Structure formats: C-alpha cells, structure tokens
Amino acid sequence: MDLQEYFLKRDFAQTPEPDASMKTYTSQPPRFVVQKHNASHLHYDFRLEMEGVLKSWAVPKGVPPEPGIKRLAVQTEDHPLDYIDFAGVIPQGQYGAGTVEIWDSGTFEIVNNNEKILEFNLNGRRLAGTYVLIHTGGKNWLLFRKNK
Ligand code: MN
C-alpha cells in the first residue's frame, strides 16, 4: 500500500477528506464505491478495497450499466479505506475541488487478477454483474461489463 501520493496532494487543514485511515483492514467481503465527482470535469471515481487501500480509477463517462459499452478508466492514486464513505464538498483551490456524492456502493469478489486483467463481480445497489478492467498502458484501463 502506498498512500503517500494521496497525502501529498491534499491540505487537510482545508479539505474535509479523510486525513488518515482509522481502518487498516479490508472488509470481508470487500467493498466498492462509485463516487460522482463534480469537479472541473465531471467524472465517476471507481474504488475497490484491495491490499489495505482503495484502488482507484477515474471514469469520465461512468461505469457502464450493461454489456457492450467500453469506458476509459484512468488509474489514480490509492486512497485510504475510510474514503469509501466520503461525500461532501472539496473547497475551491484544493485538489479535486467540487462535490463528491456516493453514486453506488456494495461488495465485490475477484474472479481473475493478473498483470493485465482484473475481473470481478459487483454486488451494488445500481451495479450488479461481472466487470472487467483491462490495463491498456500507463494509467489507462478499459472498463466494461461482461456478458453472462
Ligand atoms: Mn475524482
């Protein structure tokens, strides 16, 4: 786990975001969240509880609700586990300034995890089904829902 980038990007005297994780263990089953982040560019932050942190991707067009739609997902810095419950306003001038709301949350299970592919079942309020993240290079991944 490496939260250094998360901490370096933020001024916790200014932002209401979690400044530490009280939680250091991963839930069983692990949880996911999709946070709608209305920042300079609206996007959806997709986060999975893994390896003691929230592995995170910014998905400009949102997590596809059905198969047949591939969405760009740009990996962002690991976030502390407590961020899974964060919703609120990040003040102007701060990193990610804008509003954050929880768009979906639930649990997931990993189906396949290798260097290039992360496949998992999401059990959320809005999203349910098998999803795949494929690493296409650098920070870029493709996110799509699999056919049954
Ligand atoms: Mn964001």
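This is a short tour of a predicted model, stop by stop, with something to select at each one.

**Stop 1: the manganese ion**

Start by selecting the manganese ion and showing the side chains around the metal. Its donors are ND1 of H37, NE2 of H43 and OD of D45, with distances of 2.1 to 2.3 Å. If you want to find these donors in the sequence panel, look for the spacing H-x5-H-x1-D.

Now colour the two histidines by accessibility. Are H37 and H43 buried or exposed? H37 has a relative accessible area of 8%, and because the cut-off for buried is under 20%, H37 counts as buried. H43 comes out at 15%, so this histidine is buried as well.

**Stop 2: the largest pocket**

Keep H43 and D45 on screen and add T76, E77 and Y95. Together these five are the residues closest to the centre of the largest pocket, out of 22 that line it. The pocket itself has a volume of about 310 Å³. Two of those central residues, H43 and D45, are also manganese donors, so to speak, from the previous stop.

Next, show the strands as cartoon. Which elements give two or more residues to the lining of the largest pocket? They are β2, covering 42–50, and β4, covering 70–79. Of the elements, β4 contributes the most, with 5 residues in the lining.

Then colour the lining by residue class. You should get 6 nonpolar, 8 polar and 8 charged residues.

**Stop 3: G93**

Leave the pocket and select G93. You're now in the loop that joins β5 (88–90) to β6 (98–113). G93 has a relative accessible area of 74%, and since anything over 50% is called exposed, that is the label G93 gets.

Add Q14 to the selection and draw a distance between the two C-alpha atoms. It should read 9.1 Å, although G93 and Q14 are 79 residues apart along the chain.

**Stop 4: R125**

Finish at R125, which sits in the loop between β7 (117–124) and β8 (128–137). This arginine is exposed too, at 59% relative accessibility.

What does R125 touch, leaving out residues up to four places away in sequence? Select I102, W103, D104 and S105 and you have its contacts. For one last distance, take S105: its C-alpha atom is 6.5 Å from that of R125, with their positions 20 residues apart along the chain.

How values were computed:
Residues are numbered from 1 along each chain as its sequence is written. This is a predicted model: local features need pLDDT of at least 70, side-chain atom pairs count only at pLDDT 80 or more; totals for chains, interfaces and linings use all residues. Side-chain values use heavy atoms; hydrogens and water are left out. On a 1 Å grid over the protein atoms alone, a cavity is a set of points where a 1.4 Å probe fits but cannot get out, and a pocket is an open set with protein on both sides within 12 Å along at least five of seven lines; lining residues have an atom within 4 Å of a point. Grid points are joined across faces, edges and corners, and a volume is the space filled by probe spheres set on the points. Helices (H or I, at least four residues) and strands (E, at least two) are DSSP runs, numbered from the N terminus. Ala, Val, Leu, Ile, Met, Phe, Trp, Tyr, Cys and Pro count as nonpolar, Asp, Glu, Lys and Arg as charged, and the others, Gly among them, as polar. Donors are N, O and S atoms within 2.8 Å of the metal (3.2 Å for Na, K and Ca); water is not among the atoms, so sites may look incomplete. Buried means under 20% relative accessible area, exposed over 50%, partly exposed in between (1.4 Å probe, protein chains only). Contact means heavy atoms within 4.5 Å.
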